[in-house]
Amino acid sequence: MAIYHFSAKIISRAAGRSAVAAAAYRAAERLHDERLGRSHDFSNKAGVVHSEVMLPEGAPERLSDRATLWNEVEAAEKRKDAQLAREVEFAIPREMAKEQGVALARDFVEREFVARGMIADLNVHWDIGADGEAKPHAHVMLSLRSVDGGGFGSKVRDWNATASLQHWRGAWASHVNERCADLGIDARIDHRSYAAQGIDLEPQHKIGAAAMRREAKGEASERKEDHRAIARANGEAIVADPRIGLDALTRCQATITHRDLAKFAHRHSDSTEQYAAVLSAMRSSDYLVALGRDARGEDRFTTTSMLRAEVALARHADALVSSRHGVAADGVRRACANAAKRELELGGEQLHALDHVTRSEGLSLVVGYAGSGKSAMLGVARDAWEAMGYRVRGAALSGIAAENLEAGSGISSRTIASLEHGWAKNFERLERHDVLVVDEAAMIGTRQLGRVLAEAKSAGAKVVLVGDVQQLQAIEAGAAFRMLAERHGAAEIGEIRRQQSEWMREATRALATGRTGEAFARYRDAGMVVAADTRDAARAELIARWDSERRLEPAASRIILTHLNKEVHMLNDAARETRRASGEIGADVIVQTERGERAFGAEDRILFLRNDRGLGVKNGTLGTVEQATAERLNVRLDDGRHVDVDLKSYGHVDHGYAVTVHKAQGMTVDHTHLLATPGLDAHGTYVGLSRHRDATAVHYGRDDFADDAALRRALSRERPKDMALDYRGGHSGRAEIATKTCPHGVAIESAGSTLSQPQTLADKLRAMVRARVDAPKPTPESMRQAISQTADTKIDQGLKSGRDHDAGR
């Protein structure tokens, strides 16, 4: 199906970009960058089916050479924040043959850009997507300055006008539709609609202080005008199809309020009248489903799509639970005996969890506190499953979590995204005798976890979900792991093993059960909460203590944690400068990374920021630089392996002294320091104060928190995500999901037996909540109680049914 996609952006030196590098990548060529004194080699990149530089009339012929062109563009720009080029990208209908697609792109570029005096560097890519289908598209890099026989002149401001962009968007749609008609292709696109890939609202520019000051003075601000034009276009799109806005709102949260709708409408409108129209369109849409009121008395809403995803998740889980993949009790005992020979003795709660996951149900859940030995238990379970002929596979949301799962349990593990990519190509699909272990499952959104369970149900495989509802919440919408734990019960491992001191283990248990204030008090009383007058002073004190500790215990592992990326950057710079001043780091070598220029030297700490199978690194892998040149880094990873990083092909690195709390989940070190900032909450605090074995410290500035009490209140804020089904009084029908009552008290009933048959999906979903009563939003404590109560019920049922009888069914 032909889709509409047309985007434009500026390639700017302010963002650390190079026009030569961008051109090399899009053309899959090796180009030498005279300004940087290095070559950019992307000649191994596949999928480029056409590449040419198109010159307007009067331009010197030498500029038809790609390297000459973009090096002259770089030379013409003197400012460090200079705009270098505009890039336009558009999708080519996949119904066309390659030759037809290239001709379509060439004709459009010639007519709309080259004829206006721009130099156009056109590259047509014919990539194959995850679904196995072609995704043809074109990248066009355009010059921003006028050009004549002598070379480049002044910049042409009209080419940056919003009207030009709007014209090009409409012209591309007309051009494609006319060519499709000429070729007899039954496909049409509409530039007023949005691409069929997720939410495709045009991103709005950030309006900086300078632009705001110019507007206040009555001066023209190009960036402000672009912002308004995009807002206006987005508003028109939402009025035409409110699902666009509602899907955007529920991408990261399952339920929304009137306030959420109003804020979103304000952001995506350009006048009072348009704001009212956007808000009205969303509120009156059949796609919006009213759920009831939360504990604060606010009305909550969701979408039919979100509700359908939650019901599907529950249905897939119910089907998995009824399947059978058990291990006999003798097999579990043999696995434990083998572990004992390796001097691995499981504790009581680990043994209970092992018994739970090796029972016959096709879906098992384990709630494990941070540092409780979940991976060790899973390693023993792997032995038991494999002895029974099962193939055990592991998965996690992040690369570093998958790496830690594999290292701790011996289960070969990959990211969920990688698995899904393979499944889309019919590669490494799950099979009946597979056991899929998913770690950090509480961080997975409803839609993605639903896809994983659907794959397992279709294959007849078993799924084991391991997570902690109190740690970092899912980035995407929903609290799927928590809902499934409430519905089906979970084994709990609460015996902390990571921390060396008993009082620290007690503090971690307090964090895991929502008693953040109690844990904070323990660390404060131990002198591990350090206040300073300002955040800058707190940062300096943190680095001083970090430096003193590492000199006393140089062999100990350590990491600095904080909530904000900008703080990570400043802490990295400060820590590195401290080591550099003491002569511990070799001579600085400036390298170009995806985040801009960085200086590295021998013995520098380095953090990898993207998964790469070839290198064997994950997003979050840490190491030490052994040798640095402008183009290569030789790195000794913390697991002892050595990798040689070619920065031309992999530039996703940064200094590795400090990381965000989010990136640290799953990490274990000897010592940590946490810089607290106002965005930190109970979930982040739990992660930040449970990574250490021996010692930690919390640092803060009184310009952020007035005193210890204010900091304690901030760190105790719980912000768990909810589900649309948390508010439900009805459900989708007895044939799809069994009638039951959720442990937190919200009834889930079959609508099919009491309501008339709905005529449309929207009617059906509305019927599901017709008889509801106002349901309070589940609190963190009620969620924990619900999981515990359901787990206790499951345990009792298991004891009554008998282990071996269950496994033999």
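What follows is a chat between a trainee and a mentor about a predicted model.

Trainee: Let's begin with histidine 5. Why is histidine 5 called partly exposed?

Mentor: Its relative accessibility is 22%. Partly exposed covers the range between buried, under 20%, and exposed, over 50%, so histidine 5 at 22% counts as partly exposed.

Trainee: Where does histidine 5 sit, and which residues does it touch?

Mentor: Histidine 5 lies in the segment before S1. Leaving aside residues up to four places away in sequence, histidine 5 touches Glu89, Phe90, Ala91 and Trp172. Tryptophan 172 is 167 residues away along the chain, with 9.4 Å between the two C-alpha atoms.

Trainee: On to the sheet. What makes S1 and S4 edge strands?

Mentor: The open sheet has five strands in the order S1-S5-S7-S6-S4, paired antiparallel. Strands S1 (6-12) and S4 (48-54) each have a single partner strand, so one side of each has no neighbour in the sheet. On average, neighbouring strands here are turned by 15° against each other, direction ignored.

Trainee: How do you know that S5 and S7 pair?

Mentor: Count the bridges. Pairing takes at least two bridges, and strand S5 (residues 83-91) and strand S7 (residues 134-142) have six, in the antiparallel sense. Phenylalanine 90, for one, stands opposite alanine 138 in S7. Helix H1 (residues 19-27) packs on this sheet and touches S1, S4, S5, strand S6 (120-128) and S7. The direction of H1 makes about 150° with that of S7.

Trainee: What makes S2 and S3 a pair?

Mentor: Four bridges, in the antiparallel sense, link S2 to strand S3 (residues 38-41), and the cut-off is at least two. Aspartate 33 has arginine 38 in S3 as its bridge partner. Four residues lie between the strands of this hairpin, where glycine 37 takes a positive phi near 70°.

Trainee: Which residues make up the covered and uncovered faces of S2?

Mentor: In strand S2 (residues 30-33), Leu31 and Asp33 form the covered face, while Arg30 and His32 form the uncovered one.

Trainee: Next, the helices near the end of my list. Why are H18 and H19 called roughly antiparallel?

Mentor: Helix H18 (residues 502-512) and helix H19 (residues 516-525) pack at about 155°, with axes 7 Å apart. Angles over 145 degrees count as roughly antiparallel, so H18 is roughly antiparallel to H19. The contact includes Trp503, Met504 and Leu511 of H18, along with Thr516, Arg522 and Tyr523 of H19. The crossing of H18 past H19 is left-handed.

Trainee: Which residues of H15 are buried, and what covers them?

Mentor: In helix H15 (residues 416-424), the buried residues are Ile416, Ser418, Leu419, Glu420, Gly422 and Trp423. Their cover includes strand S13 (391-396), strand S14 (413-415), strand S15 (434-439) and helix H16 (446-459). Just after H15, asparagine 426 takes a positive phi of about 60°.

Trainee: Last one, on cysteines. How many disulfides does the structure hold, and why are cysteine 252 and cysteine 336 called partly exposed?

Mentor: There are zero disulfides in the structure. As for accessibility, the range between 20% and 50% is what counts. Cysteine 252 has 39%, so it is partly exposed. Cysteine 336 has a relative accessible area of 22%, so cysteine 336 is partly exposed too.

Notes: Residues are numbered from 1 along each chain as its sequence is written. This is a predicted model: local features need pLDDT of at least 70, side-chain atom pairs count only at pLDDT 80 or more; totals for chains, interfaces and linings use all residues. Side-chain values use heavy atoms; hydrogens and water are left out. Buried means under 20% relative accessible area, exposed over 50%, partly exposed in between (1.4 Å probe, protein chains only). Helices (H or I, at least four residues) and strands (E, at least two) are DSSP runs, numbered from the N terminus. A disulfide is a pair of cysteine sulfur atoms within 2.5 Å. Axes are lines fitted to C-alpha atoms, for helices over the stretch in contact, and angles run from 0 to 180 degrees between N-to-C directions. Angles under 35 degrees count as roughly parallel, over 145 as roughly antiparallel, 65 to 115 as roughly perpendicular and the rest as oblique. A crossing is left-handed if the near helix is turned anticlockwise from the far one by less than a right angle, and right-handed if clockwise. Contact means heavy atoms within 4.5 Å.
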